Amino acid sequence: MKKNEVKLDEKYLLDGIKQLSGKYDTHKVFGDFVTISAHSINNRFNYSEDKEQEYLRIINSYTKEEQEILLNMFAALVNGLNADEFNDVLGKLFEELNMQNKAKGQYFIPAPVCDFMAKVAVDDNVEEIIKTKGYYSMQEPACGSGRMIYSFLKEMRVQNINYHKEVYIEATDISQLLAYITFIQLSLYGANAKVFVGNALSQEFSEVLCTPMYYLFPINIKELQE
């Protein structure tokens with residue numbers, strides 16, 4: 001690496017936010033980054049003029065130099081995700097910035113606990129279910145940053161299941177920011193998923209986002225497992 005070359009890794013995400021936070025509110029910077037990243041991914045496969053206009057409004061509120069930092073942050077996110085560990089980069093950053101609202105029950109389960117829960121919850125006969133239904137499914141009604149889902153995907157990989165084509169995921173969170181975080185990372189991990197912004201109990205949703213794999217390898221959903 002050259003002397004003045006910036007290393008675009010997980011650490012750069014926090015450094016980038018700190019650079020921009022000298023001028024803008026930290027929560028705004030993080031929220032803007034998550035929003036434009038989600039819109040960029042979504043509009044590649046399911047174009048929305050409203051999302052495009054919001055993207056332009058947000059990105060144009062920053063200077064050219066600041067925009068470059070935001071773009072580098074996305075590259076750093078991609079580089080920071082580990083397809084072996086299915087690490088929750090944005091969720092960890094969310095916690096480091098103390099953005100969780102404890103009054104609303106935003107407590108994130110530690111990754112090792114999620115890994116254990118995934119091993120316990122996943123059926124022993126996953127391959128048989130896939131042969132019968134054509135897919136295996138998971139629902140997460142309060143996904144937060146998606147940590148339980150990443151552990152689930154890790155377990156699928158351990159069992160040599162092609163989660164890109166044979167696993168369907170539905171995730172919901174009442175927080176748009178957290179739903180966006182889950183959508184972004186599931187997209188980058190290549191999961192076949194649909195992410196809802198809204199209330200899973202009342203079935204009231206304001207937004208639905210589908211990952212690229214949802215469009216590239218459509219799964220014929222008959223019914224979700226009980």
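**A tour of the predicted chain**

Start with charge: colour the Lys, Arg, Asp and Glu side chains. The protein chain carries 23 positive and 32 negative side chains. The centres of these two sets lie 5 Å apart. Keep in mind that this is a predicted model.

**Whole chain**

Switch to cartoon view. You should find eleven helices and four strands in the protein chain. The radius of gyration is 18 Å, close to the 17 Å that the globule rule gives for 226 residues, so the chain is as compact as a globular protein of that length. Along the principal axes, the C-alpha atoms fill a box of roughly 55 × 40 × 35 Å.

Now show the surface. The accessible surface comes to about 12000 Å². Carbon and sulfur atoms account for 50% of that area. Of the 226 residues, 49% count as buried.

Next, turn to contacts. Take those between residues at least 6 apart in sequence: 71% of them join residues at least 24 apart.

**Cysteines**

Select Cys-143 and show its sulfur. Which cysteine sulfur is closest to that of Cys-143? It belongs to Cys-114, 12 Å away. That is too far for a bond, because a disulfide here needs two cysteine sulfur atoms within 2.5 Å. Cys-143 is also buried, at 7% relative accessibility.

Move on to Cys-210. Its nearest cysteine sulfur is that of Cys-143, 14 Å away, and Cys-210 is in no disulfide. Is Cys-210 buried or exposed? Cys-210 counts as buried, with a relative accessibility of 10%. How many disulfides does the count give? The count comes to zero.

**Two residues with positive phi**

A reminder before the next stop: most residues other than glycine have a negative phi.

Select Asn-98. Asn-98 is not a glycine, yet its phi is positive, at about 55°. Where does Asn-98 sit? Look in the loop between helix 5 (89–96) and helix 6 (111–121). Asn-98 counts as exposed, because its relative accessibility is 60% and the exposed class begins over 50%.

Now select Gln-203. Here too phi is positive, about 60°, in a residue that is not a glycine. Gln-203 is found in the loop between strand 3 (193–199) and strand 4 (204–210). With a relative accessible area of 53%, Gln-203 is exposed.

To finish, display both loops together: Asn-98 lies between two helices, and Gln-203 between two strands.

Terms used. Residues numbered from 1 in each chain as written. Predicted model: local features only at pLDDT ≥ 70, side-chain atom pairs only at ≥ 80, totals over all residues. Heavy atoms only, no water. Buried < 20%, exposed > 50% of the residue type's maximum accessible area, 1.4 Å probe, protein only. Rg over C-alpha atoms; globule rule 2.2 N^0.38 Å. Contact = heavy atoms within 4.5 Å. Areas by Shrake-Rupley, 256 points an atom, 1.4 Å probe, with all protein chains shown as cover. Lys, Arg positive; Asp, Glu negative; His and termini not counted. Charge placed at Lys NZ, Arg CZ, Asp CG, Glu CD.
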